[in-house]
There are 2 protein chains.
Amino acid sequence: MKLHTYYRSSASYRVRIALNLKGLEAEHLPVHLTRDGGEQFLAKFRATNPAALVPVLEDGSERIAQSLAIIEYLDERYPESPLLPASAADRAWVRQIALAIACDIHPLNNLRVLKYLTGPIGLSEEQKQTWIRHWIDLGLQALESRLATSPRRGAFCFGDRPTLADCCLVPQLFNAERFGMALDAYPTLRRIEQACNILKAFQNAHPANQPDAE
Amino acid sequence: MKLHTYYRSSASYRVRIALNLKGLEAEHLPVHLTRDGGEQFLAKFRATNPAALVPVLEDGSERIAQSLAIIEYLDERYPESPLLPASAADRAWVRQIALAIACDIHPLNNLRVLKYLTGPIGLSEEQKQTWIRHWIDLGLQALESRLATSPRRGAFCFGDRPTLADCCLVPQLFNAERFGMALDAYPTLRRIEQACNILKAFQNAHPANQPDAE
């Protein structure tokens with residue numbers, strides 16, 4: 001397998017964690033999102049993903065975009081060390097946490113949106129920071145509330161083994177910290193983050209530990 | 001089952017289509033997103049979903065948020081009339097289309113984001129329209145390119161039966177048209193939309209046909 005990835009991309013980070021948790025190897029093909037105006041916009045990469053976004057997984061002749069589609073694919077195609085629980089209700093719980101991050105938080109703060117805000121929209125750096133913090137705080141407040149009160153939560157988002165939800169949570173918290181946010185208001189999320197980051201699968205997926213890290 | 005829904009919410013619309021395609025009934029509990037500052041912010045609704053977003057599905061004691069988590073749940077719990085194909089690779093194809101809409105287009109143009117742009121950020125109505133069209137066009141261009149060239153496409157996004165991908169595509173195109181966008185540049189997407197909207201399942205899920213429509 002091959003993974004088109006960028007070290008600091010939150011969505012690529014999710015897939016790297018999932019691959020590691022499942023003990024799967026993929027050759028990394030770095031796509032530098034800011035060099036020369038962004039390598040994701042080159043015709044060569046667009047042929048792989050017309051949306052010009054990482055990550056993309058290549059498995060044989062398949063080219064799969066969208067981090068959550070990739071992780072679900074890996075879990076179905078390589079069922080060992082499952083990243084989703086067994087019952088429909090438990091799976092829904094895990095997916096709703098993953099999607100709360102992938103749909104409600106991350107899309108508002110990724111590189112292309114921030115560039116559009118400070119470019120065509122003309123926001124100042126300070127306004128951009130306010131925007132970032134607003135959406136991250138709103139999303140994390142809801143997640144903290146949901147996780148703090150759920151009997152499904154264990155050391156991880158669901159029980160005592162990492163799932164798809166943790167694959168999404170850890171990169172989102174990394175992002176929040178990169179933007180200089182204090183996470184004191186989210187003790188449950190932080191405890192889960194700590195439980196994850198003890199594990200080699202999460203450590204090896206960390207942006208700082210990628211071959212294309214700067 | 002009960003569905004907390006708002007007639008014009010794109011994410012609620014997705015779930016209504018899925019329920020109809022599967023022949024499932026759910027009592028509709030309307031949540032008016034703009035009346036009295038937004039019924040989703042009331043303590044009563046927040047107890048159901050701390051993120052203050054629709055839709056939420058209640059099935060017995062389960063309360064599931066996030067439209068894609070709900071649809072996957074319905075498909076696993078009530079397997080008749082599946083909304084995902086059988087093979088892992090085909091499922092990944094369908095999911096990546098659904099997620100390209102749910103993560104890359106819709107989150108940038110939903111009500112709370114548009115309100116924040118014209119409120120705290122101070123965009124004019126015209127700037128807001130430019131923002132909306134920018135992200136919808138960017139997302140639909142990638143989808144048109146992906147679908148126009150794929151051997152997996154049939155009358156619908158995948159083959160000749162509607163799937164999760166169509167549940168997401170039709171509400172997104174409805175949204176684009178509501179914002180006054182011409183869709184001539186997306187002939188493949190429009191053909192799929194037409195194939196869907198012939199079906200009762202899609203017609204009955206349309207915002208105009210909801211009890212809470214205004």
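In the predicted model, strands β3 (residues 56-59) and β4 of chain A run antiparallel and are joined by four bridges. Within this pairing, E58(A) stands opposite R63(A) of β4(A). The two strands form a hairpin with two residues between them. In the turn, G60(A) adopts a positive phi of about 60°.

The segment that precedes β3 contains a cis peptide bond in each chain. In chain A, the bond between V54(A) and P55(A) is cis, with omega about 0°, and P55(A) is found in the loop between α2 (43-48) and β3 of that chain. In chain B, the peptide bond from V54(B) to P55(B) is likewise cis, with omega near 0°; P55(B) is found in the loop between α2 (43-48) and β3 (56-59) of chain B. That loop of chain B also holds A52(B). The phi of A52(B) is near 55°, a positive value in a residue other than glycine.

Parallel pairing occurs in chain B between strand β1 (residues 2-5) and strand β2 (residues 27-30), with four bridges joining the two. L3(B) has H28(B) as its bridge partner in β2(B). The connection from β1(B) to β2(B) passes through helix α1 (residues 10-21) of chain B, giving a right-handed β-α-β crossover.

Contacts between the two chains involve 44 residues of chain A and 44 residues of chain B. About 3,900 Å² is buried between the chains, and 62% of this area lies on carbon and sulfur atoms. On the side of chain A, the residues that lose the most area to chain B are Q66(A), R112(A) and Y116(A), which together account for 15% of what that side buries.

Eight salt bridges are counted between chain A and chain B. One of them links E72(A) to R95(B), with the closest N and O atoms 3.6 Å apart. Polar contacts across the interface comprise 14 residue pairs, in which both residues have pLDDT 80 or more.

Several elements of chain A contribute to the side that touches chain B: β4 (62-65), α3 (67-77), α4 (88-104), α5 (111-118) and α6 (125-148) each supply at least two residues. The largest share comes from α4(A), with 11 residues. Classified by residue type, the side of chain A that touches chain B consists of 26 nonpolar, seven polar and 11 charged residues. Strand β4(A) thus appears in two settings, as the antiparallel partner of β3(A) and as one of the elements that supply residues to the side touching chain B.

Note on methods
Residues are numbered from 1 along each chain as its sequence is written. Chains are lettered from A and ligands numbered from 1 in the order in which they are written. This is a predicted model: local features need pLDDT of at least 70, side-chain atom pairs count only at pLDDT 80 or more; totals for chains, interfaces and linings use all residues. Side-chain values use heavy atoms; hydrogens and water are left out. Contact means heavy atoms within 4.5 Å. Buried area is the accessible area (1.4 Å probe) that two parts lose on being put together, summed over both. A salt bridge is a side-chain nitrogen of Lys or Arg within 4 Å of a carboxyl oxygen of Asp or Glu. A polar contact is a pair of N or O atoms within 3.5 Å; within protein, one must be able to donate a hydrogen and the other to accept it, and residues adjacent in sequence count only if both atoms are side-chain atoms. Ala, Val, Leu, Ile, Met, Phe, Trp, Tyr, Cys and Pro count as nonpolar, Asp, Glu, Lys and Arg as charged, and the others, Gly among them, as polar. Two strands pair if DSSP finds at least two bridges between them. A crossover is right-handed if, with the strands pointing away from the viewer, the path from the first strand over the helix to the second runs clockwise.
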